[in-house]
Amino acid sequence: MKTRPIFHQHLFQHKWGYLLGSGLLTISLVLQLGVPLLLEDFTDGIQHLSIQVSDLWNLAVWFIVLGIGIFLFRSSGRIYIFRLSRMLERDLRTKLFSHWETLPADYYQQERIGNLMAHAVNDVNILRQIGMQGVFQTVEAMVLISITISMMAGTIDLYLTLLVLIPLPGLTYLAYRFRTNIRMHSSKVQEAIGTLTSRVQEFCTGIRIIKTYVQEQEEMKKFTKENVENVKANKRLIRSNSLFTSLSQGIVGLSYLLSVVFGSILVMKGTITLGEFVAFNTYLSFLVAPIENLGKVINLFQQGKAADMRLSDVLATTPDIKDEEGIFRLNKFEGDIRIQNLSFQYKNSKGYALRNINLTIKKGTSIGIVGKIGSGKSTLVNLLLRVYNPPKKSIFINNYDIHDLPLKTLRTSIGYVPQTNFLFSSTIKENIAFDPSIYQDKDIYKAAKQAHVYEDIIDFPEGFDTPLGERGFSLSGGQRQRVSIARAMIKKSPIMIFDDSLSAVDAKTEELILKTLQTEMKGRTSVIISHRISTIRKADQIIVLDEGKIVEQGTHESLLERNGTYKKMFVQQSNEFTLEDSIPSSYSERTVRIKKRRG
Ligand SMILES: Nc1ncnc2c1ncn2[C@@H]1O[C@H](COP(=O)(O)OP(=O)(O)OP(=O)(O)O)[C@@H](O)[C@H]1O
């Protein structure tokens, strides 16, 4: 079913508001048309020397009354209309954002962030402008042009009116054509400024690399090139703007020339009075802006139509990961996981990321997942969280197919520490608790202690209230990882997933964290992905993934005894490290302490 364009829906929803705003504006425009009438009478009075001092006072009072009336009605009409379009902007952004929240992760991989930003900023702005300038200037043009021309032709002179109107449509055409041109050049200027800004930003953040690789001159060359581009873009904009202004002034000038020359002839012939001549030119001055605005408005409506279609398309995207019909309304569950014949292929991908996975993870146990880069480890946990949709009847939690569980329950019941530790530009406290009002400070401190980041945080100038910059750049890689772990720990979920979450911490801290996890995770299920055997060796079961398949499965000891991929990895990693304690020949000892070789 075809839906109505977004702007039409808004206009329809607020039709009375827009009518009221337009009505107020119309009153102010009608009052404005009283000015030429007053001038006409006054000029004729001067010409006939019939003006008294009291007439001067009267004129002044009328001007003031009209001025106040025009001001009051125009500004209230404007406020009314503009307020409605600000509501459109607010509601549309909220709608867009809440719609985006429903869309799955792969939507964001297919769409470029820049496009999404353009929808949220530019497209919404265009629709707002239609609600503001578009409606305001259309009403103004329709009312002013129709009444003014009627007054000029009906009360002064039809032929003179037709004559002065001849050049004016050129103004509409020019505004229409040049607006596209000027807009294109303006966006090029914006782009050039954006590029320059990014260059400076990159320079500031990458200053150490630039200096150590002696790249100052190269950077200077790049900057100079982009700076020149910026100047060129500005020159093109200035040229376009100046040409438009000069041509418009030429057209308006031509109209006035016709009015003055032929109007004076009519005055001299006695066809019109001097007062009517003055009023005629005042009417003409009222026409210029609305006729020019018509061109801009036509252009704006065209842009609006395109923006409306783009936004409607975005809003029409249906999430393919959502609560399905007939789900069990569970609020919580325990951590029994069963994976059955799970194979998975990403959209637009030729091969399978996972093939025929069968796995049982009992409540309260831990599983370690190892495997080469790209072997499917993260895919497996992403499917568990339904970040991507697994095939039906392939993943069960507490014997429920995860498709039959509410998404919210599924995700709140799983504490997840992702591979990339994204931190928000807020305080450390907010990064751990998201909403600190839900948790008490002691819960936040406890989670930080469990992640072994507490001591680091209290050393920061503002402790847990230290604000983090974009992506938390003020923290080290290891600190960021541990803040992410604390964020997952505070949830106390029955299932915890750690996706390569200890890669940036040193061996000693890793061991401390693992020890704490062992105690904290009692009764809960944990899934630990790692490239380092030291991280997963104590897990109740370990699987080795290779090209999406489970190639080995067992405990640390049983896998070492198999002499397969796991053992190869273990030996390889052991060679890369200096062993603090020697590796027992049978590999049966559970605690092998590995310390990264210094230097
Ligand atoms: N969103 C995606 N779209 C298409 N293919 C993907 C996507 N994400 C991962 N893949 C592919 O799926 C396979 C498994 O990737 P996955 O990220 O699960 O591996 P991994 O074992 O976690 O790797 P790493 O150790 O580097 O984290 C890889 O071939 C990868 O290129």
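**Exercise 1.** Determine in which sense strand 3 and strand 9 pair, and over how many bridges.

*Solution.* In this predicted model, local features need pLDDT of at least 70, side-chain atom pairs count only at pLDDT 80 or more, and totals for chains, interfaces and linings use all residues. Residues are numbered from 1 along each chain as its sequence is written. Strands are DSSP runs of E with at least two residues, helices are runs of H or I with at least four, and both are numbered from the N terminus; two strands pair if DSSP finds at least two bridges between them. Strand 9 (residues 541–546) pairs with strand 3 in the parallel sense, over 5 bridges, and within this pairing glutamine 541 stands opposite isoleucine 367. Turning to strand 8 (residues 525–529), one finds that it also pairs with strand 3 in the parallel sense, over 4 bridges, with valine 527 as the bridge partner of isoleucine 367.

**Exercise 2.** Establish which residues of strand 3 point each way, and whether they are buried or exposed.

*Solution.* A residue is buried if 20 or more other C-beta atoms, placed from the backbone, lie within 10 Å of its own, and exposed if 12 or fewer do. Side chains in a regular strand alternate between the two faces of the sheet. Ser366, Gly368 and Val370 point one way from strand 3, whereas Ile367, Ile369 and Gly371 point the other way, and all are buried. Strand 3 (residues 366–371) is accordingly mostly covered, with 6 of its 6 residues buried.

**Exercise 3.** Identify the helix that gives the largest share of the shell around the ligand.

*Solution.* Helix 5 (105–110) and helix 12 (377–384) each supply at least two shell residues, and the largest share, 3 residues, comes from helix 12.
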